[in-house]
Structures are given as C-alpha cells and as structure tokens.
Amino acid sequence: SGVQSLSLQETPKVKSKNIDVISEFKKIKRKNAANFVVIGHVDAGKSTLMGRLLFDLKAVDQRTMDKYRKEAETIGKGSFAFAWVLDQGTEERARGVTIDIATNKFETEKTSFTILDAPGHRDFVPNMIAGASQADFAVLVIDASTGNFESGLRGQTKEHALLVRSIGVQRIIVAVNKMDVADWSQARFEEIRQQMSGFLTSAGFQPKNISFVPCSGLEGGNILRRSSDPRSSWYHQGPTLVEELDKSEPATHALDKPLRMTIGDVFRGGVQNPLSVSGRLESGTVQTGEQVLVMPSGEKAQVRSLQVDDDGEPRDWAVAGQNVVLNLTDIDPVHLKTGDVLCSASSSPIRNVREFTAKVLAFDHLTPMAVDVHKGRLHVPGRISQLVATLDKASGAVVKKRPKIVQPGTVARVLVRLDDAVPLEAPSRVVLRSNGDTVAAGLIE
Ligand code: GDP
C-alpha cells in the first residue's frame with residue numbers, strides 16, 4: 001500500500017559496522033538477567049506475591065501503591081491491592097481478577113528479573129506456555145492454608161508443574177504462601193515440602209533444582225525481608241524468596257549458535273521507526289546493519305537500529321538472552337507475524353518443516369488426533385499422525401511400539417504433521433493442545 005512504501009522510503013538502509021559482538025559482550029561486566037514464570041492454583045496468591053515483590057524491590061512506588069490500596073478498599077477488596085500492581089485495566093480490578101500478561105521487571109543487587117506472566121484467570125494456560133517456553137526457572141505458588149494445599153493439588157498445582165518441566169524448565173522455587181493463615185507452622189511447611197518434593201522429583205525436576213520458601217505475600221514475610229512474626233522463628237536462618245531468586249545461575253545462553261529470535265510483537269507506524277519487532281534472542285547475536293531472514297516467509301530485512309530490554313537507547317548489538325526491539329527496513333510488514341522466527345540471512349537459517357517427532361508428556365489420552373502446536377508465540381494447526389512409542393519416564397527407553405492410545409501421565413514419542421510449513425527445529429519446547437485443553441507437552445527431537 002501507499003503507507004507501506006512511504007515507510008520504506010523514510011527508513012534508509014544503514015551500514016553494518018561488522019562488530020565482533022561476542023568479544024564486545026565479554027568486555028562488559030553486567031548484571032545477571034533471568035526470566036521466570038509464575039505458576040500455581042487459582043487463588044494461591046500468585047498476583048499478590050508478585051505485586052509484593054515489585055513493591056518491596058521498588059519497582060512500584062509508594063504513591064501508586066497507596067492509590068491501589070484506596071481503590072481496593074473502596075470496593076471492599078483491600079487485600080487485592082498488591083495483585084493490582086500487575087493489572088492496568090479498571091475493568092479487571094472491579095472484578096477482582098488478574099487478566100493480562102504483563103511483563104514486569106524488577107532488580108536485585110545481583111540480578112535483573114523479568115516476570116514473564118501475570119497469571120490469574122482461566123485462559124491462563126496458553127499465556128503460561130508462551131511464558132514458560134522462555135523461562136529460566138519457575139516460581140510455583142502454593143496456598144499453605146488448611147485444605148487449600150490439598151485442593152490445589154487436585155487443581156492446577158501439579159498440572160502446571162508438569163507442564164513447565166515438560167517444556168524444559170529445570171529449576172523450580174516453591175513459594176509456600178499464606179503462611180500467616182497457617183500459623184507459620186513448621187510442621188505444615190514440612191508436610192507440604194515432603195509431598196511436593198516427591199511429586200516434583202517424579203515429574204523430572206532434580207532435587208538440587210527444587211527449593212522451598214515459607215512466606216506470606218500479603219504481609220510480606222520472607223519475600224525481601226524475613227518475617228517478623230514470632231511464630232516463624234524456626235526459619236530465621238532460611239533464605240527469603242528474593243535470596244532464592246538470586247541463586248539463579250546465569251543462564252548459559254548460546255551466543256555462538258546461529259541467531260534465533262521468535263517475534264513476540266510487531267509494531268507499526270512509529271514516527272522514528274515505522275516498523276519494529278520485539279522478542280527475546282534465543283541464541284546468537286544481532287547487530288545494527290545486519291541482514292536478517294524472516295521465516296516462514298523467507299523474506300529478508302535489514303536491522304536499522306535496535307534497543308535492548310526496553311530502555312529505549314539505541315545499541316549497536318544484542319546477544320542471546322536479551323529482550324530486544326529491532327527496527328527493520330527493506331521488508332513489507334505483511335511478512336512479519338507474531339510467532340515468526342528471525343535468523344541470520346547469511347548463516348545456518350532455520351528451515352520450515354511440515355512434520356516433526358517429539359518426546360512428550362501426555363496430559364490426556366493421545367490418539368492420532370487433531371492438535372494445535374504451540375511454541376512460545378508460534379501456533380499452528382496439525383495432527384498427531386502417529387503414536388511412535390511409549391517411553392520409560394526416567395530412562396527414555398522404548399516401552400511399547402506403536403501403541404493404539406497413550407494414557408495420561410505417560411511419556412511418548414509422537415509424529416506430528418502440520419497444516420502449514422513453519423520454522424521449527426530441535427530441541428524446541430512445544431505444547432500440543434486440543435479444543436482448548438493442553439493434551440501434551442515436550443521437546444522436538
Ligand atoms: P492468584 O489467583 O493466585 O493470583 O491469587 P491472588 O493473588 O489474587 O490472591 C487470592 C486471594 O488470596 C486474595 O484474596 C488475596 O488477598 C489472598 N492472599 C494472597 N496472598 C496471601 C497471603 O500471603 N496471606 C493471606 N492471608 N492471604 C493472601
């Protein structure tokens with residue numbers, strides 16, 4: 001259209017500086033960056049806990065918080081104030097649920113964190129999948145109060161934990177929340193810890209990657225500061241939630257692998273930058289002036305300028321693990337969609353595939369059936385065309401070839417055929433859904 005050709009004229013090409021990005025990156029001492037996803041049963045206190053975290057770490061100021069508190073009290077839901085930190089819309093507030101995926105950031109002295117998801121409502125699973133597929137670790141929030149832990153176990157607690165593990169998340173921090181209503185009982189904490197350790201280990205988390213923190217999001221106990229409740233004295237040596245978060249290892253990002261970035265959003269019509277895409281660099285590096293290839297369309301574009309982690313400052317380059325905005329030129333915007341993959345135009349581009357095998361954990365009965373394949377923001381319709389084998393959970397050895405059906409809770413190798421050719425490669429975390437339910441999740445082989 002006319003608008004598009006105008007944009008293209010306004011955005012002349014720039015010259016690449018041919019920077020050796022990896023060696024530049026190594027010269028800089030920087031804060032560790034980590035992304036995490038928050039999971040758990042409805043009402044476990046996820047939003048409240050994250051709101052508290054943002055508030056205590058000064059990502060939200062006192063005035064804003066006071067305003068939220070007032071508004072919340074006006075409609076008689078004072079305790080929701082923290083959860084509201086995560087919302088913007090007043091409509092959600094009036095209903096008292098957290099709706100949107102909000103990307104929220106906060107920093108400790110050691111690490112800058114991004115919360116990939118602000119959970120809370122029933123359409124949470126697709127959002128969580130998008131978040132979890134980029135997460136370095138997960139925070140599982142559990143309601144410790146009598147009966148609620150148990151009903152959470154029958155609800156989403158286990159499902160979410162299985163799901164994040166099967167899409168490749170290795171570390172999990174369990175926030176044993178609402179300890180204020182569980183009298184800060186050590187016995188209760190230990191009971192929950194025992195049960196959950198057993199379950200999480202059987203779900204495939206290694207014991208060294210599981211930790212537990214007794215806390216109260218509402219009162220702020222053991223979040224940034226230790227709880228001042230005398231009943232919690234038994235934990236006075238234990239780490240707070242923030243201390244646990246800070247233990248996250250610097251993620252080993254594959255800087256020397258080929259460039260991969262899945263587009264999270266496409267922005268059009270900016271004055272300075274008529275066409276931009278945002279997303280996280282999954283591997284490799286990118287620099288201003290570089291030519292990139294957009295898949296599945298196979299169209300090329302040039303990176304005119306870029307920003308890292310939304311600070312708005314133009315940069316010369318970015319590396320894997322960073323959240324970036326790329327300002328593009330030389331491409332028609334019709335070729336850019338959420339879920340598309342950017343790679344280098346000159347080396348190891350990703351290929352479009354119509355078929356793949358994956359090792360998945362079944363959440364439901366699997367048969368040859370229609371499924372939607374989700375990988376982060378990418379989703380595409382297809383079908384499980386063959387149940388190749390069921391596998392032993394621990395060793396991965398074949399248990400039964402060509403089963404007629406795969407039972408929930410079983411690990412299986414399946415062949416998936418896609419309706420459209422899309423950029424997918426091993427090893428990627430994928431989720432299979434059917435009629436709005438997650439039926440399986442796992443890794444492309
Ligand atoms: P979500 O659905 O997991 O996001 O849960 P919310 O954060 O919306 O919290 C659900 C309810 O539990 C709200 O009424 C909160 O005020 C309450 N709540 C959350 N955290 C705590 C806590 O640590 N202690 C107590 N007593 N209540 C809490």
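The following paragraphs describe the ligand site, helix 3 and strand 17 of a predicted model.

The ligand is surrounded by 17 residues, of which Asp-43, Lys-46, Ser-47, Thr-48 and Asp-180 are the closest. By character, this shell comprises five nonpolar, eight polar and four charged residues. Several side chains place polar atoms beside oxygen atoms of the ligand. For Lys-46, the separation between a polar side-chain atom and a ligand oxygen is 2.8 Å. In the side chain of Ser-216, an N or O atom lies 3.2 Å from an oxygen atom of the ligand, and a polar side-chain atom of Asn-177 is found 3.3 Å from a ligand oxygen. Of the 580 Å² of accessible area that the ligand has on its own, 88% is covered by the protein.

Among the elements that contribute to the shell around the ligand, helix 3, spanning residues 46-56, gives the most, with three residues. This helix is largely enclosed by the rest of the structure, because eleven of its eleven residues are buried. The buried residues of helix 3 include Lys-46, Ser-47 and Thr-48, which are also listed with the residues closest to the ligand. Further along helix 3, the buried positions include the nonpolar residues Leu-49, Met-50, Leu-53, Leu-54 and Phe-55, as well as the charged residues Arg-52 and Asp-56. After helix 3 comes Lys-58, which has a positive phi, near 65°.

Strand 17, formed by residues 369-375, is mostly covered, with five of its seven residues buried. The strand pairs with two others. With strand 18 (residues 378-391), strand 17 runs antiparallel and is joined by seven bridges; within this pairing, Met-369 is positioned opposite Ile-384. The two strands form a hairpin in which two residues lie between them, and Gly-376 in the turn adopts a positive phi of about 55°. The pairing of strand 17 with strand 21 (residues 429-434) is likewise antiparallel and extends over three bridges. Here, Asp-372 stands opposite Arg-433 of strand 21.

Lys-375 belongs to strand 17. The relative accessibility of Lys-375 is 15%, and this residue therefore counts as buried, the cut-off being under 20%. Beyond the neighbours within four places in sequence, the contacts of Lys-375 are Thr-262, Glu-282, Leu-424, Ser-428, Arg-429 and Val-430. Of these contacts, Arg-429 and Val-430 fall within strand 21, which covers residues 429-434.

Technical notes. Residues numbered from 1 in each chain as written. Predicted model: local features only at pLDDT ≥ 70, side-chain atom pairs only at ≥ 80, totals over all residues. Heavy atoms only, no water. Near = heavy atom within 4 Å. Polar contact = N/O pair within 3.5 Å; in protein donor to acceptor, adjacent residues only side chain to side chain. Areas by Shrake-Rupley, 256 points an atom, 1.4 Å probe, with all protein chains shown as cover. Helix = DSSP H or I, 4+ residues; strand = E, 2+ residues; numbered from the N terminus. Buried < 20%, exposed > 50% of the residue type's maximum accessible area, 1.4 Å probe, protein only. Contact = heavy atoms within 4.5 Å. Pairing = 2+ DSSP bridges.
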